[in-house]
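This report looks at the enclosed and open spaces of one protein chain and at the elements that surround them. Please keep the sequence and the model at hand while reading.

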Amino acid sequence: MKKTFFLVLLLLVFTAPTVMASTPKDTLVMAFSIDDMITLDPAEIFEFSGAEYAGNTYDRLIGYDVDNVSNIYGAVAENWTISPDGKTYVFNIRKGITFSSGNKLTADDVVFSLQRVIKLDKSPAFILSQFGFTPVNVAEKISKIDDYAVKIVVDKAYAPTFFLYCMTSTVGSIVDKKEVLAHEKDGDLGYGWLKTGYAGSGPYKLKTWKASESLILDRNDSYWGDKAKLKRVFIRHIAESSTQRLLLEKGDIDIARNLGPDDIKGLAGNKDIIVRTKAKGAVWYLGLNQKNQYLKIPQVRQALKYLIDYKGMEATLLNGKATVHQAFLPKGFLGALEDTPFSLNVSKAKELLKEVGLEKGFTLTMDTRNTEPTTSMAIAVQGTFALAGIKLEIIPGEGKQTLTKYRARNHDIYIGRWGPDYMDPHTNADTFARNPDNSDDAKSKPLAWRNAWDIPEMTQKADAAVLERDTAKRAQMYLDLQKEHQQKSPFIIMFQDIEIFSKRANVNGFILGPSFDSNFYQYTTK
């Protein structure tokens, strides 16, 4: 019967004739580009749509106010204390939390969840391992005091907010130990199962996920906090802006998440639709692989930075969806640099290329996710590169395809969008300006590693900044780091994201946060 119901729901929402102009009253229906979602395991999730999923289905140790990120509050942890030496944190776990399985959430689950991140050592594990945790020592460093208290010992006296903000990230999600281990195979800590399974305690729980097709969440009626207003959330992967707009206008969806500038303009004057915006922490950039014979040359990297029409793309392709920004820390973060020294300057680019004997040009490839605005941005870059004789071949692919290739360092150029993993400046410094091991088999694989940029001195500067406990001094250290990074790095940072969210007028309460994992469905009503 359940399978039949969901088949009927799919048919009603997406194949009904034009006369249908409403979605089920108890269901939020969204059109959203979710082809980057490759796993449902919080220990592995490292993509935008996956993190949004986890933010709505799992509880984390602590959280922050989306309207005032400096306000950090307890979630699974009711409160905490920090030792005088700044290395030991004790979290008191909230009583009365129940997983959707019916199991009670205790300190055992918290310890298991955090240790599991370290032991599995997937892409986002560095968020925790940077505090000195290893598979060998994690049992000692993250331990249970009693059923509702957990002790965590870090290796250095970091700025306190740095560690706490890391606990607000997706890897801070608490999973149901009993449920996960019930599906363990060959000592994998339930990894094979949780890639497509669910073991959380959040306001919503997983119903079904079909990669690059759909995601259905059901309300968790045993949730310990404010119950979700709607019974179900149904997300359909639709990449095309025009299709999303058509469905929104017809009333066949409640929310369109990826409308382009032209379609947003086309909605002007439609009283049934409301458009909202929210500045996000994500930045758009080009990653230049230093294994490439041309891109490893400093003058080539600088030349490419002068071959981007930043203002032109901002005003046309991105109209309202992003603003020019050229430093790795987004506006709103401590120590963010707002200087924009680069603009389209073809003569300057040609001079730089001539210095290294490449005035006749060369050929490069760029891996590009086949969604908007990424594709249009890639075409624009292709056009301005050509003004200096550089032939850019665009290689399109789904999000998971381009990401897999990028993570293997098999690209020339990658056009990407990077969002902070937590709200401390180290989140981006750690990935754009830090690379402790550039070998192919390195354990830590930040963006600098993905682009094969070996930077021992800059890594030391980033390490020093995260230990500075004086806020003003720490901010200046990040400003200096970004100025150096702008001129030397193999990253062309172009824009800071602005999320545009289009909804039917009867939809209220959807929370847009400053990060991709702080968009919340819980209070949405229709």
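How do the residues of the lining of the second largest cavity divide into nonpolar, polar and charged? They divide into five nonpolar, four polar and one charged. The model in which this lining is found is a predicted one, and the values below are computed from it.

## Overall form

The protein chain contains 19 helices and 17 strands. Its C-alpha trace spans about 70 × 65 × 45 Å along the principal axes. Because a compact globule with 526 residues would have a radius of gyration near 24 Å, the 23 Å of the protein chain agrees with that expectation. Of the 526 residues, 57% count as buried, and among the contacts with a separation of 6 or more, 71% are accounted for by residues 24 or more positions apart.

## Spaces in the model

Rolling a probe the size of a water molecule over the atoms shows where empty space is left. A search of the whole structure yields three cavities of 30 Å³ or more. The table sets the two largest cavities beside the two largest pockets.

| Space | Volume | Lining by class |
|---|---|---|
| Largest cavity | about 780 Å³ | 21 nonpolar, eleven polar, 15 charged residues |
| Second largest cavity | about 70 Å³ | five nonpolar, four polar, one charged residues |
| Largest pocket | about 670 Å³ | 13 nonpolar, eight polar, ten charged residues |
| Second largest pocket | about 560 Å³ | twelve nonpolar, eight polar, five charged residues |

## The two cavities

The lining of the largest cavity is made up of 47 residues, and those that lie nearest its centre are D36, F48, S49, R369 and R417. Five elements each supply at least two residues of this lining, namely the helices α2 (48-57) and α15 (399-407) together with the strands β12 (273-288), β16 (413-418) and β17 (491-504). The largest share, five residues, comes from β16.

The second largest cavity is lined by K305, Y310, Q326, F342, H485, Q486, S489, F491, I492 and I493. Here α19 (471-488) and β17 each supply at least two residues, and the largest share, three residues, is that of β17. Strand β17 thus takes part in the lining of the largest cavity and also in that of the second largest cavity.

## Helix α2 and its surroundings

Helix α2 contributes at least two residues to the lining of the largest cavity, and it likewise supplies at least two to the lining of the second largest pocket. Is this helix buried or exposed? Ten of the ten residues of α2 are buried, so the helix is largely enclosed by the rest of the structure. The residues concerned are F48, S49, G50, A51, E52, Y53, A54, G55, N56 and T57. What covers them includes the strands β1 (27-32), β8 (204-210), β9 (214-219), β12 and β16. Of these covering strands, β12 and β16 are also among the elements that line the largest cavity. Individual residues of the helix can be placed as well: F48 and S49 are among the lining residues nearest the centre of the largest cavity, whereas G55 is among those nearest the centre of the second largest pocket.

## The two pockets

The largest pocket has a volume of about 670 Å³. Of the 31 residues that line this pocket, D121, F126, K443, S444 and K445 are the closest to its centre. The helices α4 (126-129), α16 (426-432) and α17 (447-450) each provide at least two lining residues, and α17 gives the most, with three.

The second largest pocket is lined by 25 residues, of which G55, Y73, Y223, F520 and Q522 lie nearest its centre. Alongside α2, the strands β2 and β3 each supply at least two residues of this lining, and the largest share, four residues, comes from β2. These two strands, β2 (residues 62-65) and β3 (residues 68-74), run antiparallel and are joined by four bridges. Together they form a hairpin with two residues between them, and within this pairing the bridge partner of Y64 is I72 in β3.

Key
Residues numbered from 1 in each chain as written. Predicted model: local features only at pLDDT ≥ 70, side-chain atom pairs only at ≥ 80, totals over all residues. Heavy atoms only, no water. 1 Å grid on protein atoms, 1.4 Å probe; cavity = no way out; pocket = protein on both sides within 12 Å on 5 of 7 lines; lining within 4 Å. Points joined across faces, edges and corners; volume = space filled by probe spheres on them. Nonpolar A, V, L, I, M, F, W, Y, C, P; charged D, E, K, R; others polar. Pairing = 2+ DSSP bridges. Rg over C-alpha atoms; globule rule 2.2 N^0.38 Å. Buried < 20%, exposed > 50% of the residue type's maximum accessible area, 1.4 Å probe, protein only. Contact = heavy atoms within 4.5 Å.
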